[in-house]
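Subject: Structure for you to look over

Dear colleague,

Here is the structure I promised to send, with my notes below it. Please read them with the model open beside you.

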Amino acid sequence: MRPLLAAAFTFCLAAAPAYAAPDATSAAAAFHAALNAGNAEAASALLADDLTVYEEGHVERSKAEYVSGHMPGDLAYSRAVPGATTRSQTFTRGDLAWVISEGRTTGTYQGKPVDRITTETMILRLDAGGWRIVHIHWSSRKPPAG
């Protein structure tokens, strides 16, 4: 891992609860599958206690804060309008991995049309129990007109 990148991820060193996932890509996919299924327990099991979530300028600084705050909305939204990944890459260095993805979400949510280009960065940490998500950064925008 590059020194600057290693320094940026030093916050990822705390232990996480046990869960078995064969690799970081599978853990990230399982998190999305759980959101799409509306399964808060399964999604929660993939999150580290020291999770940080960035979305649209908002920050949630722990798993507990995300689960009690933004997660119920994410579950409802994902069930109603699941996104499609158009590109994804996973990079692993020792016990850290990052999954970067692009996608598109289309459909209807709360009676309103949805059409968004999405980007996501997840950082995961491997511990004795498997891969846990320690950071998520989500952003989206309207697609170009035409």
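I begin with a single pair of residues: T119 has S139 as its bridge partner in β6. The strand names follow DSSP, where helices (H or I, at least four residues) and strands (E, at least two) are runs numbered from the N terminus, and two strands are said to pair if DSSP finds at least two bridges between them.

Before going further, please note that this is a predicted model, in which local features need pLDDT of at least 70 and side-chain atom pairs count only at pLDDT 80 or more, while totals for chains, interfaces and linings use all residues. Residues are numbered from 1 along each chain as its sequence is written, and side-chain values use heavy atoms, with hydrogens and water left out.

Overall picture

The protein has 5 helices and 6 strands, which follow one another from the N terminus in the order α-α-α-β-β-α-α-β-β-β-β. Of its 146 residues, 35% count as buried, where buried means under 20% relative accessible area, exposed over 50%, and partly exposed in between (1.4 Å probe, protein chains only). The accessible surface comes to about 8,100 Å², and 55% of it belongs to carbon and sulfur atoms; these areas come from the Shrake-Rupley method with a 1.4 Å probe, and for residues only the protein chains shown count as cover. Among contacts (heavy atoms within 4.5 Å) with a separation of 6 or more, 58% are between residues 24 or more positions apart.

How the strands pair

Strand β5 (residues 112-127) runs antiparallel to β6, with 11 bridges between them, and 2 residues make up the hairpin connection from β5 to β6. Besides the T119 pair, M122 stands opposite I136 in β6. On the β4 side, β4 and β5 are antiparallel and are joined by 14 bridges, with E102 opposite T119 in β5. Strands β3 and β4 are likewise an antiparallel pair, with 9 bridges, and there S88 stands opposite S101 in β4. Strand β1 (residues 47-55) runs parallel to β6 (residues 130-141), to which 5 bridges join it, and V53 has I136 as its bridge partner in β6.

The turns and one loop deserve a look at their backbone angles. Most residues other than glycine have a negative phi. Q110, found in the loop between β4 and β5, has a positive phi near 50 degrees although it is not glycine, and at 65% relative accessibility Q110 counts as exposed. E56, in the loop between β1 and β2 (58-60), also has a positive phi near 50 degrees, and with a relative accessible area of 49% E56 is partly exposed. In the hairpin of β3 and β4, which has 2 residues between the strands, G94 takes a positive phi near 65 degrees.

The nonpolar core

A nonpolar core is here a set of buried Ala, Val, Leu, Ile, Met, Phe, Trp, Tyr and Cys residues joined through side-chain atoms within 4.5 Å. The largest one has 22 residues, of which F31, L47, Y66, M122, L124, I133 and I136 touch the most other members. At least two residues of this core come from each of α2 (24-37), β1, α5 (71-80), β4 (96-109), β5 and β6, and α2 gives the most, with 6 residues. Apart from neighbours within four places in sequence, L124 has contacts that include A24, A27 and A28 as well as W131, I133 and V134.

One residue in β3 may also be worth finding: T90 lies in that strand and, at 30% relative accessibility, counts as partly exposed. Its C-alpha atom is separated by 6.4 Å from that of T25, although the two are 65 residues apart along the chain. Not counting residues up to four places away in sequence, T90 touches A24, T25, W98 and V99.

The largest pocket

On a 1 Å grid over the protein atoms alone, a pocket is an open set of points, where a 1.4 Å probe fits, with protein on both sides within 12 Å along at least five of seven lines, and lining residues have an atom within 4 Å of a point. The largest pocket has a volume of about 780 Å³, a volume being the space filled by probe spheres set on the points, which are joined across faces, edges and corners. It is lined by 33 residues, and H32, T105, T118, E120 and W138 are the closest to its centre. β4 gives the most to this lining, with 7 residues.

With best wishes
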